[in-house]
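Work through these exercises with the sequence and structure at hand. Each task is followed by a solution in steps.

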Amino acid sequence: MELKMFILVLGLLVGSGSPDIGPNQGKCSDSLDPGPQNQGNHTLTPHSKKNFPVLSFGYDHVRLPFEISLWVLLASLMKLGFHMMPRLSSIVPESCLLIVVGLLVGGLMKLVAEVPPVLESKIFFLYLLPPIILDAGYFMPIRQFTENLGTILMFAVVGTLWNAFFVGGLLYGVCQFEGHRLVNVDLLSCLLFGSIISAVDPVAVLAVFEEIHINELLHILVFGESLLNDAVTVVLYHLFEEFSSVGTITVMDVFLGVVCFLVVSLGGIVVGAIYGLLAAFTSRFTSHTRVIEPLFVFVYSYMAYLSAEVFHLSGIMALIACGAVTRPYVEANISHKSHTTIKYFLKMWSSVSETLIFIFLGVSTVAGPHEWNWIFVVATLILCLVARVLGVVGLTFVINKFRIVKLTSKDQFIIAYGGLRGAIAFSLVYLLNTDHFPKRNMFLTAIITVIFFTVFVQGMTIRPLVDLLAVKKKQETKRSINEEIHTQFLDHLLTGIEGICGHYGHHHWKDKLNRFNKKYVKKCLIAGERSKEPQLIAFYHKMEMKQAIELVESGGGSKLPSAVPSTVSMQNIQPKKPPQDRALPQLSKAREEEIRKILRTNLQKTRQRLRSYNRHTLIADPYEDGWNEILIKRKRMMELEKKISQMNNYLTVPAPAPDSPTIARARLASDPQAWGLKSLTESIPTIKVDLASPQSPESFNMVDEIGKKGSQPKVSEEEDGLTMKVPSTTKLRKDKTANEDDDKEPQQRLMRCLSDPGPAGEEDDEDEPFLH
Amino acid sequence: MGLEQNYVSLEQISLLHNRFKQLSQNEETLRRDDLKTIQDLESNPIRSQIIEAFFDSRNFQKDGVGSVEEIGFEEFLTVMSYFRAPPQHITEEQREKIRRSKLRFLFNMHDTDNDGTITLEEYRHVVEELLSRSGALGRETAKGIADAAMLEVASISVGPMAPDDFYEGITFEHFLKILNGVEIETNMHIRFLNMDATVLCK
């Protein structure tokens, strides 16, 4: 069974590698130095000539990368394994399973008398954490985040402060009351411990919330809080660490602490934003080197994180700011493939990181020096939970006064319950200096216990609780074009109403920001034409692209993707609709057959002119003879059309004035001017199957037939479509000037060069619609 | 016109009254030109539609038809009350009523000829107005966007249609359906409470 195979592989991995990423070098290299058949080239005996070493063993110089790769491989195999056991993974969240695996691995290593590695803080903060945060920041839903920003900040800042002081203070009290063992734990140490343990961990929250698919509001609240409380944690941590050596805190220090908080958070954001803008600006010039586009995004973001860490600013906030700022501009500039690459690389890295973090957490538990103190640990646990609940309830009471969409008690419960602690707290404690903090090991034990409790108990039970409480789940609806249109309309409407009220509110400033963005920023950062593209059009293009890709992936026109409303086609909504310049076939097979039949019958009239014509594919063969002729003629026709269209604008630009149906139809028929010209030049070999309405006798895509060798009667219609269709021409002749007729004459004459039964072929046109 | 659900408090009424007086230059009634003088509306792409909404009888009379040339304070207040946030403790039924009235307001803004449906032309006009600041590119794509949107509405509301069926236009019921995902009752509001009479745009 696969399970057994995994255990075997696991054993092999553990045994073969000497996973020693921690500071403990140990006796690994010695144990892994089996005697090869030929020893190295060290011992040179002067007398006998040694044999040339065909195969030698030199593990040392690949040791580090080898070990890292082994661990990554282990992590990935574990992930694979879990998904092969669906029953297990539906009950237990992945993070729990990974910690258990880590425990097992750690235990195994201890058995083998190896020293298991500990999750060293440097590796954690520099290599394992950034991918997860960047992934979160890049794909952050900006709109919901900014809408709930006030709430999130309240929870992040005030909530974390409350937690820190509550837990720290009360723990101090407990220590004082306890007895001899704990009495020397001073207030500052307790406060420091409180500040470390009070921060909600983004990694753990992500790991658990991803699987329960909770509604977006709650997700962004808890997740946003876990990201933004990093600034608070950093400040408190450094504050207490500094002063634990000094011993006392004055009011001045508190004030400086507040200033420090502002500097740390805003500074982090500014650093991130700068790097983000740089990345966006760089991506403007990458049109010739598409291959390295993703690299810029990654490197700039990582640099932002590192730069922030240099100055002890909040690296997490820098990373979030960088990702969020970069995304809209970079996505407009880079190719689709680069976009996909970025997405998948980020997901991959963050997934591997997360897995490694949890496994190492398990291993470190087995490895780390522990000092178990019942009272301390239990007190910590209880105080953490109580503090969290009280904090959330109290803050929600205040917040609800300012919110339109109030937070219900169900929401509050989920927010409180979702306050998971994780590896960041562990690493921060691990960084503590044992000299200043003699009780560090006790802290470590307590933190590990809290982490285990929150991840295992809360992580496992949150899913059934969500179902039990019937909390709203995430709606998997795709954003439709209608919603987009109306949301934008609503935005403008509300801004306008605010203007009429005379009230500079939320919408006014948002609108001002958008306009500033459009006018100045986008011009700098987005290359070429796309800088002027309004959001609605960008959204529409994205949707079209998606539909086109889905269409291709579903294997062509026979099976329509679900995104395309296959049940309703254009002719249903507008009988007088001008043809679209869409290349997406939206026809069913029966329809296609019908069209082909009609085409065939019409083409039969000019059959003798056609040399070779493949009826089944309806694709023109550009290598047919006489092709150049057609091209030249078409060019001339186009010039004529342009001239004519300039003369009678009202016919080519569809004005919504109500007219007689013929005129309206005729006018609409002239509409495909923009389209017609385009398709003439571009779409020669393809057939654009467009859905003309039954009443509109215009030959929508017959234009493509022009590409075919020899033409059909409809062709002349098409060309005339820019001015007028030939049949309707008769009716319109009353309206048009004689001038026009003359101009049309040469065109018709040209037509006749191409197709013999030019006008004759259109007789039946008026009576029967082109498409039945 | 469902005024009881969209009530405004006394303080807000006095603030709005001040604003009304300012806009109408101390006259009793407000005209379109008065609203056109507001500077902030200059850059708004759907400016004319917003102004029209104030003078549309359907929004302040139960069975009103057509538009009027000038409005009094009562009508001004009625239109403004559409943007009130729904009170917190209301029943589902009341919430649905509020939602419907707000959506009706939006619907009336699109349905300019008052025939009860938003035809393709009207819808195209809406999209064109939204993109009116984007030049030629906007105009061309506006048609395509409106068509695609209409297709979507038709397929959601009516389902499979035979080739010869014709979808007249978006009725109010269809409109409700397509905007199901958008929380209109909470999104469509202005924070009246924070309105400061001194912060008035000129």
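**Before you start.** This is a predicted model: local features need pLDDT of at least 70, side-chain atom pairs count only at pLDDT 80 or more, and totals for chains, interfaces and linings use all residues. Residues are numbered from 1 along each chain as its sequence is written, chains are lettered from A and ligands numbered from 1 in the order in which they are written, and side-chain values use heavy atoms, without hydrogens and water.

**Exercise 1.** Place A:Ile382 in its helix, then classify its exposure.

*Solution.* Step one: A:Ile382 lies in helix H16 of chain A. Helices are DSSP runs of H or I with at least four residues, strands are E runs with at least two, and both are numbered from the N terminus. Step two: apply the exposure classes (buried under 20% relative accessible area, exposed over 50%, partly exposed in between; 1.4 Å probe, protein chains only). A:Ile382 has 49% relative accessibility, so it counts as partly exposed.

**Exercise 2.** Find where A:Thr151 lies, and decide whether A:Thr151 is buried or exposed. Then list its contacts.

*Solution.* Step one: A:Thr151 belongs to helix H8 of chain A, residues 149–178. Step two: its relative accessible area is 5%, so A:Thr151 is buried. Step three: look for contacts (heavy atoms within 4.5 Å). Leaving out residues up to four places away in sequence, A:Thr151 touches A:Leu221, A:Ile399, A:Arg403 and A:Leu407.

**Exercise 3.** Repeat the analysis for B:Ser24.

*Solution.* Step one: B:Ser24 sits in the loop between helix H1 (10–23) and strand S1 (30–31) of chain B. Step two: B:Ser24 counts as buried because its relative accessibility is 1%. Step three: with residues up to four places away in sequence not counted, B:Ser24 touches B:Thr29, B:Leu30 and B:Asp34.

**Exercise 4.** Count the aromatic pairs over all chains. Then classify the pair of A:Phe124 and A:Phe125.

*Solution.* Step one: set the rule. Rings of Phe, Tyr and Trp (its six-membered ring) pair if their centres lie within 6.5 Å; planes under 30 degrees apart are stacked, over 60 edge-to-face, the rest tilted. This rule gives 28 aromatic pairs over all chains. Step two: A:Phe124 and A:Phe125 are 5.0 Å apart centre to centre, with 75° between the planes, and form an edge-to-face pair. Step three: check burial. A:Phe124 is buried, at 0% relative accessible area. A:Phe125 also counts as buried, at 17% relative accessibility.
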